[in-house]
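Subject: Structure handover

Hello,

Here is the structure you are taking over. Please open it and keep it beside this email as you read.

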Amino acid sequence: MAKDKTVTRRRRAGVTMIEAVGSMVIVSGAMVAALNAVSGARASQVMVDDRARARLLAETMMGEVLAQDYAEPGSTTIGPDSGEGGSDIRNQYDDVDDYHGWLNTVRTPDGTAVPGFEAYKLSFTVVWVNSANPGTPVASDQGVKRITVTVTRDTRVVAELHGWKASP
């Protein structure tokens, strides 16, 4: 009688190389997805913080502007009058329209840079507006000025605030 030649294969315990690589690919993909979610959430939080900081800065600057007089006696133009301030100095500004056209980094009225705000820039626009419709700019004084404070960071507008000042 002929012997049946059956081969008995021994089952090996353990993980094959393909299974190990497959597991690593799955775990790596999950980690990349998790890191992307965390970095997206962090970037979003930085943007929210940035906007809140810029809004507070705009409100502070608007408060400074609105504390000034409506106009300098005898002045019929918008913008700083002769001898008032310079590109960095606004401690001589004594009326609202002196701020018109001011564009600079965040500084105190005497021109000192404010630490922590180096990446921010401020700009001011002051225009006469229609007293019946304060959203409409006009060419001559009708007793109301609109002040716009814009805060930018890295060329991106992060806050813009409008305020109005009426003549007494």
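**Overview**

Of the 168 residues in the protein chain, 29% are buried. Please keep in mind that this is a predicted model. The chain holds one helix and four strands. Read from the N terminus, their order is α-β-β-β-β. The chain exposes about 11200 Å², and carbon and sulfur atoms supply 59% of that area. Take the contacts between residues at least 6 apart in sequence: 46% of them join residues at least 24 apart.

**The core**

Start inside. The largest nonpolar core has 22 residues. Those with the most contacts inside it are Leu57, Tyr120, Leu122, Phe124, Ile147, Val149 and Val151. Which elements give two or more residues to this core? They are helix 1, strand 2 (120-128), strand 3 (144-153) and strand 4 (156-166). Helix 1 gives the most, with six residues.

Val149 is a good residue to click on. Leaving out residues up to four places away in sequence, Val149 touches Ala58, Met61 and Met62. Val149 also touches Leu122, Ser123 and Phe124. Ala159, Glu160 and Leu161 complete its list of contacts.

**The hairpin**

Next, look at strand 3 and strand 4. They run antiparallel and are joined by 10 bridges. Together they form a hairpin with two residues between them. Arg153 stands opposite Arg156 in strand 4.

The loop between the two strands holds Asp154 and Thr155. Check the backbone there. Most residues other than glycine have a negative phi. Asp154 has a positive phi, near 55 degrees. Thr155 is not a glycine either, and its phi is positive at about 65 degrees. Are these residues buried or exposed? Asp154 has a relative accessible area of 58%, so it counts as exposed, the cut-off being over 50%. Thr155 is exposed too, at 81% relative accessibility.

**Salt bridges**

Side chains of opposite charge can pair when their charged atoms come close. The structure holds five salt bridges. Here are three to look at.

- Asp50 and Arg153: the closest N and O atoms are 3.0 Å apart. This pair links distant parts of the chain, with Asp50 in helix 1 and Arg153 in strand 3, 103 residues apart. Asp50 is buried, at 4% relative accessibility. Arg153 is partly exposed, at 27%.
- Arg55 and Glu59: their side chains meet at 3.1 Å, N to O. Why are they separated by about one helical turn? Because they are four residues apart in helix 1. Arg55 is partly exposed, with a relative accessible area of 38%. Glu59 is also partly exposed, at 39%.
- Lys145 and Asp97: the closest N and O atoms are 2.7 Å apart. Lys145 lies in strand 3 and Asp97 in the loop between helix 1 and strand 1, so the pair ties together parts that are 48 residues apart in sequence. Both Lys145 and Asp97 are buried.

One set of salt bridges forms a network. It links Asp50, Arg153, Asp154 and Arg156. This brings you back to the hairpin. Asp154 belongs to the network, and Asp154 is also the turn residue with a positive phi of about 55 degrees. Arg153 and Arg156, which stand opposite each other, are in the network as well.

**The surface and a loop**

Now turn to the outside. Met17, Val21 and Val25 make a nonpolar surface patch of about 310 Å². Val21 lies in helix 1, which covers residues 17-66. Val21 counts as partly exposed, at 42% relative accessibility.

One more spot to visit is Gln92, in the loop between helix 1 and strand 1 (103-105). Gln92 is partly exposed, at 43% relative accessibility. How far apart are the C-alpha atoms of Gln92 and Asp81? They are separated by 10.0 Å, and the two residues are 11 apart along the chain.

**Where to begin**

For a quick tour, begin at Val149 and its contacts, among them Leu122 and Phe124. Then go to the Asp154 turn between strand 3 and strand 4. Finish at the salt bridge between Asp50 and Arg153.

Best wishes

Technical notes. Residues numbered from 1 in each chain as written. Predicted model: local features only at pLDDT ≥ 70, side-chain atom pairs only at ≥ 80, totals over all residues. Heavy atoms only, no water. Patch = residues over 30% accessible without salt bridge, like charges linked within 9 Å, V, L, I, M, F, W, Y side chains within 5 Å. Areas by Shrake-Rupley, 256 points an atom, 1.4 Å probe, with all protein chains shown as cover. Salt bridge = Lys/Arg side-chain N within 4 Å of Asp/Glu carboxyl O. Buried < 20%, exposed > 50% of the residue type's maximum accessible area, 1.4 Å probe, protein only. Core = buried A, V, L, I, M, F, W, Y, C linked by side-chain atoms within 4.5 Å. Contact = heavy atoms within 4.5 Å. Pairing = 2+ DSSP bridges.
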